[in-house]
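Me: I'd like to go through the labels on this structure and ask what backs each of them up. Can we take them one by one?

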Amino acid sequence: MRATERMTVTGSVQGVGFRPFVWRTAHALCIAGEVRNRGDHVEILATGTQAQRDSLAEALRRGPRHARVENVTRTPEALLFTGAFTIATSEAGALQSGIVPDLALCPACHTEIRTPSSRRWRYALTCCADCGPRFSIVTGFPYDRANTTMAPFTLCAACRADYENPADRRFHAEPVACPTCGPRLRYTGPATPGEDPLDSAASLLRAGGILAIKGTGGYHLACLATDTTAIATLRARKHRPTKPLAVMVADTAAACAFAAPNAAELHLLQQASAPIVTVRATPALPANLAPGLDRIGLMLAYTPLHALLIEQVGQPLVMTSGNRSGAPQAIEDETALRDLAGIADGWLYHDRRIARRLDDSVCAMIAGQSMTLRRGRGLAPRRLPLPAGFETLPPVLALGGDLKAAFCLTQNGQALLSHHLGDLPAEGVENTARQALADYQTLFGLTPALVAVDAHPDYISHRLGTALSQQRGLPLHPIWHHHAHIAACMAEHGLAADTAPVIGLALDGTGLGPDGTAWGCEALLCDYRTAHHAGRLARTPMPGADRAAREPWRMLLAHLDTALGPDATTHALALGLLPALHNRPLDTLRAMMRKGVNAPPCSSAGRLFDAMAALLDIASERLTHEGEAAMRLEALARQAPALRETLPKSLTDSGPDEPTNGQPDGQPDGRAHSHPGRRPDSPTDSPTAANTTLPHAATLPAPVPGMVFGLACTPDGVWELDPAPLWAAALAAKGRGVPACTLAAGFHAALAAGLTDLVMNLLPPQAPCPPGFTQPLLRTVVLGGGVMANDLLVSALVARLEAVGLRVLRPAFAPPGDGGLALGQAVITAARARMETR
Amino acid sequence: MAHGGGGTAMRALIDTLFLEAFSATPHTAQEDQARLPLAPLVAGGDRLAFTTDSFVVEPLEFPGGNIGTLAVCGTINDLVVGGARPVALSAAFILAEGLELACLRRIVAAMADCAREAGVRIVTGDTKVVPKGACDGLYVTTSGVGVIPADRAISITAARPGDVVLVNGTLGDHGAAILCARGDLALDVAIASDCAPLGGLVEALLAAAPNTRSLRDATRGGVAGVLSELAEASAVSLTLDETALPVRPEVEGVCDILGLEALFLANEGKLVAVVPQAEAEAALAALRAHPLGQQAALIGTVAEAGPHGPSVVVRNAFGGRRTVTMPSGEQLPRIC
Ligand SMILES: [Fe+3]
Ligand SMILES: [Mg+2]
Ligand SMILES: [Zn+2]
Ligand SMILES: [Zn+2]
């Protein structure tokens with residue numbers, strides 16, 4: 001019997017071709033009725049038999065490729081539809097959440113641009129409902145063509161027909177274009193007259209030149225990734241001596257030919273977000289791509305322009321952000337032509353404007369799970385549904401930190417974490433942040449009632465937030481840095497607003513602690529509202545403050561002097577064991593530490609990594625990017641021979657194989673986007689034997705005898721990890737000639753073991769209800785802070801913690817470092833407001 | 001040195017020491033106040049400038065000066081950066097019991113010399129001796145009056161887009177000198193404080209660049225501190241050229257080791273001047289022609305404040321930029 005049902009679909013269901021998907025499905029099922037967008041959900045009225053309606057509902061739960069369906073509800077309706085199923089016009093203002101992330105080139109469009117008979121043959125700016133720019137071209141609200149940077153391009157008759165045909169994959173794809181009516185490619189630089197822009201650009205690259213190329217979210221600088229000289233030129237011109245450079249490849253086959261991604265990494269590469277994925281490098285690669293590292297950042301060609309160019313060049317290309325040193329990535333053509341004049345030899349661009357700067361997203365497989373290291377193009381502005389209890393809380397604007405800045409708005413039980421904005425102290429980034437703030441609030445219609453900032457009074461973000469709260473008369477909540485790191489991870493794993501406390505391990509560079517010292521390796525017993533400082537790394541002075549964060553030898557001296565005393569350090573120096581400290585003003589640094597002159601105490605894990613890297617002689621004189629020494633230390637540790645020999649060859653040759661699926665531990669980006677090009681030999685979506693959250697043994701560092709942390713409870717009741725035994729053992733082992741890679745591996749193992757011991761001491765029965773809490777502690781360890789991007793450490797740590805029956809949660813949606821701080825600040829502030837309103 | 005009411009002889013000794021050094025005219029010295037004739041003041045301008053400052057420094061004596069010269073120069077410089085011609089100073093001392101008399105003599109003599117060179121008289125003063133431990137050696141408070149000529153309108157609020165920013169010499173010499181002179185940081189370099197009275201220099205500058213907008217002596221907080229205040233007060237944005245900042249190599253060296261920046265270090269003989277572009281060259285030439293401005297430099301430019309308010313930005317050799325912000329208190333590490 002035919003009947004009508006009202007079906008509502010919630011989730012990430014707009015701007016992803018949901019209505020045409022429903023239209024096609026309904027037509028295929030011979031269902032009558034209509035579909036429309038309503039605010040943040042899609043509504044379907046369907047008339048048909050029970051079986052027809054069930055099939056439709058089932059299809060709705062799946063959704064089109066880029067949709068993420070959360071819920072489908074079905075209620076009976078009285079009226080009966082007859083005739084063809086239709087797409088009803090959306091009500092005004094109903095597309096509020098229709099702004100979705102940019103999507104990588106889809107296989108259908110890729111095939112089309114390579115088909116000479118197609119009218120979009122070699123058209124570099126094609127797109128459809130499944131692919132193309134979205135957030136990067138939005139200029140206003142609601143999301144339709146007039147409110148994108150495609151507005152100046154009037155659809156030709158052919159494109160209009162595509163746009164209006166529900167059966168076409170371009171139906172209602174706002175940026176639809178073709179060579180007749182759409183944006184055109186341009187080239188500035190050395191060229192043969194009359195030549196096609198693509199040909200000129202390809203010739204330039206093949207000749208070893210540097211090309212500025214307009215991407216989805218900004219300009220890149222490109223050169224041959226196989227040409228050491230071209231890379232060296234690019235580095236010299238960009239004043240970027242050591243920071244690893246990302247490489248773009250045509251497809252997964254090219255990725256496998258160039259580097260050594262494992263199955264899980266290939267899967268990540270093919271996400272519709274087309275992130276940069278860090279994968280194992282091979283010795284054949286030019287050494288100056290990622291100096292001192294054994295990993296390389298890869299991404300697939302994600303726009304038709306990139307795909308056409310790479311196909312023509314026939315080689316992988318370095319793709320680094322197109323900016324002057326320190327300045328943000330250029331998004332305007334005039335800026336790129338002017339600012340990149342001393343760097344690029346040619347410019348490949350087009351007249352589709354970029355509405356906002358979106359850096360490439362960066363993801364990695366960390367101890368068997370995917371982790372977002374930078375949220376940019378393709379991931380922003382995806383929202384995070386917040387756990388139970390946050391639905392009715394006042395909306396919060398959180399300003400995040402100063403480095404890897406991103407802000408977060410929470411409203412109606414959802415968190416909108418902004419895209420990566422850059423480092424606030426750098427040129428123009430503060431302005432970018434202010435604009436982005438205004439931009440998000442307009443686009444998403446959010447009106448915060450509370451403002452949250454990092455508690456550090458000298459953070460630019462703190463000052464920005466303070467000014468905002470004053471202007472708007474909103475309460476200001478300063479949030480402690482490391483509590484925010486942990487809370488961010490709690491929120492994305494669905495811990496309810498009134499959760500029992502967990503054990504948080506926050507490891508990073510530094511953040512201000514409530515005791516006025518620089519924290520960075522802390523154990524917190526915390527829920528959203530309260531954090532109790534339960535453990536830390538023993539404090540060390542930072543002689544030179546921020547300078548000590550750039551010059552690892554300073555931290556080596558500070559750690560050795562603190563652990564072993566100046567005499568022992570001096571002795572080791574005399575034995576030639578400390579080349580990093582040769583010809584350094586040691587007396588002055590020691591005086592600074594003694595007198596407390598610009599030598600603030602810190603308990604930083606990042607600085608501990610720096611010091612160890614300096615001991616093992618792999619830290620550069622002066623670090624030029626965040627995490628540089630730690631990344632080298634991790635790379636060195638992976639070379640440890642003891643580790644390799646004890647493992648079967650098959651294990652050492654492949655890393656973790658498969659990310660776990662779905663919320664909350666899943667990949668940052670939902671399902672795979674089957675990308676153009678040959679798929680890898682082992683299909684990514686067939687799980688292998690190693691489909692487990694337990695990290696691979698191959699990634700676990702080997703312990704080195706004697707390299708351990710001490711653990712003791714200080715008089716103020718804080719468990720303290722003491723690195724003194726570690727330093728003594730490391731120094732002695734170095735003296736005996738133990739290879740540096742073994743010591744680096746031993747360091748990782750020791751830290752994982754030390755942290756585990758620390759956690760064990762915090763577990764009940766000693767303190768079933770930690771001080772300040774009314775509920776017993778959960779046997780859950782929550783990880784946060786930038787150090788949690790260290791695969792080796794996290795592998796060892798997770799293995800140990802899980803081995804003793806603890807549940808371990810780690811960041812996936814939000815970056816573990818300061819890029820995720822704002823999310824934590826927002827949920828802490830909201831949860832506190834909840835307490836107050838009760 | 002002993003304190004208390006009993007030591008009449010000591011009292012007399014100290015009084016004599018000050019009187020002789022500052023050579024106040026005998027008849028006013030007997031009174032409870034200095035008496036300054038009005039007529040010459042009125043002839044010199046239409047506003048009286050009046051300022052006061054207290055000085056505390058460790059060590060009391062350092063290469064290039066001592067607490068006394070700091071006290072005299074500091075107050076004179078606070079007057080002259082307002083366009084005033086200094087007339088007279090007062091000096092009040094708090095002395096700790098046990099302070100070496102010879103040290104006090106040296107300090108007082110240096111003050112007298114410094115004032116004389118600057119053409120300013122120290123006309124009144126006071127001393128108190130407190131028990132050892134109540135004070136650390138010696139504290140000085142100086143106040144000063146000066147006259148501002150009628151045609152001068154120098155103000156921290158007067159910087160305009162298009163103006164340029166000048167400094168009369170190397171940055172951070174005083175701050176670095178004090179750090180080295182403390183002797184406890186094993187900094188084996190001799191750096192002299194730049195402590196100097198800037199009256200003559202300001203007169204030369206104003207003669208060459210009569211439309212000078214703003215002047216500030218860059219003491220605590222350094223040039224960065226002054227410029228932050230200036231940008232805020234004038235509602236403009238300042239861009240500094242890092243490569244143009246004059247810094248002595250030995251100061252740079254000290255900063256490198258300690259993790260400090262010369263831009264933030266104290267000066268005691270440096271001023272920041274904002275002048276209109278049209279007078280930039282003349283101003284720079286005038287500064288360089290003066291003994292206290294030989295290393296003067298054009299360090300930055302003034303622009304319209306951005307949409308989000310005033311700012312101070314430093315542009316480095318590679319074209320990169322960073323915003324200068326003043327730390328709220330003791331510097332806390334900011335790198336995560
Ligand atoms: Fe952090
Ligand atoms: Mg003063
Ligand atoms: Zn497509
Ligand atoms: Zn067209």
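Reply: Sure, here is a round of questions on the labels, with the cut-offs behind them.

Reply: Some ground rules: this is a predicted model, where local features need pLDDT of at least 70 and side-chain atom pairs count only at pLDDT 80 or more, while totals for chains, interfaces and linings use all residues. Residues are numbered from 1 along each chain as its sequence is written, chains are lettered from A and ligands numbered from 1 in the order in which they are written, and side-chain values use heavy atoms, with hydrogens and water left out.

Me: What makes those four cysteines donors of the zinc ion (ligand 4)?

Reply: Distance. A donor is an N, O or S atom within 2.8 Å of the metal (3.2 Å for Na, K and Ca), and sites may look incomplete because water is not among the atoms. The SG atoms of A:Cys156, A:Cys159, A:Cys178 and A:Cys181 sit at 2.2 to 2.3 Å, so they count as donors. Along the chain their spacing reads C-x2-C-x18-C-x2-C. A:Cys156 and A:Cys181 are 25 residues apart and link distant parts of the chain, with A:Cys156 in the loop between helix H3 (107–113) and helix H4 (157–164), and A:Cys181 in the loop between H4 and strand E6 (185–188). Helices here are DSSP runs of H or I with at least four residues, strands are E runs of at least two, and both are numbered from the N terminus.

Me: Why is the arrangement around the zinc ion (ligand 4) called tetrahedral?

Reply: Four donors count as tetrahedral if all angles lie between 85 and 135 degrees. The 4 donor atoms here subtend angles of 102 to 116°, so the label holds. For four tetrahedral donors the ideal angle is 109.5 degrees.

Me: How do you know whether A:Cys156 and A:Cys181 are buried or exposed?

Reply: By relative accessible area: buried is under 20%, exposed is over 50%, and partly exposed is in between (1.4 Å probe, protein chains only). A:Cys156 comes in at 17% and A:Cys181 at 10%, so A:Cys156 is buried and A:Cys181 is buried too.

Me: What is unusual about phi in A:Ala274, and how accessible is A:Ala274?

Reply: A:Ala274 has a positive phi of about 40° although it is not a glycine. With a relative accessible area of 0%, A:Ala274 is buried. B:Ala186 also has a positive phi, near 50°, but at 40% relative accessibility B:Ala186 counts as partly exposed.

Me: Why say that A:Arg19 and A:Asn37 gather at one spot?

Reply: The "active site" annotation on A:Arg19 and A:Asn37 comes from an unreviewed UniProt entry; positions follow the numbering used here, feature names are shortened, and such annotations may be inferred rather than shown by experiment. They span 19 residues in sequence, yet no two of their C-alpha atoms are more than 7.8 Å apart, so they gather at one spot. A:Arg19 lies in helix H1 (residues 18–29) and is buried at 13%; A:Asn37 is in strand E2 (residues 32–38) and is buried at 4%.

Me: What makes a set of residues a nonpolar core?

Reply: Its members are buried Ala, Val, Leu, Ile, Met, Phe, Trp, Tyr and Cys residues joined through side-chain atoms within 4.5 Å. The largest one has 130 residues, and A:Leu505 is among those with the most contacts inside it. Helix H23 (residues 740–762) of chain A gives the largest share, 12 residues. Another core, of 55 residues, lies apart from it and includes B:Ile14 and B:Val129.

Conventions
Four donors count as tetrahedral if all angles lie between 85 and 135 degrees; four count as square planar and six as octahedral if opposite donors are over 155 degrees apart and all others between 65 and 115; anything else is irregular.
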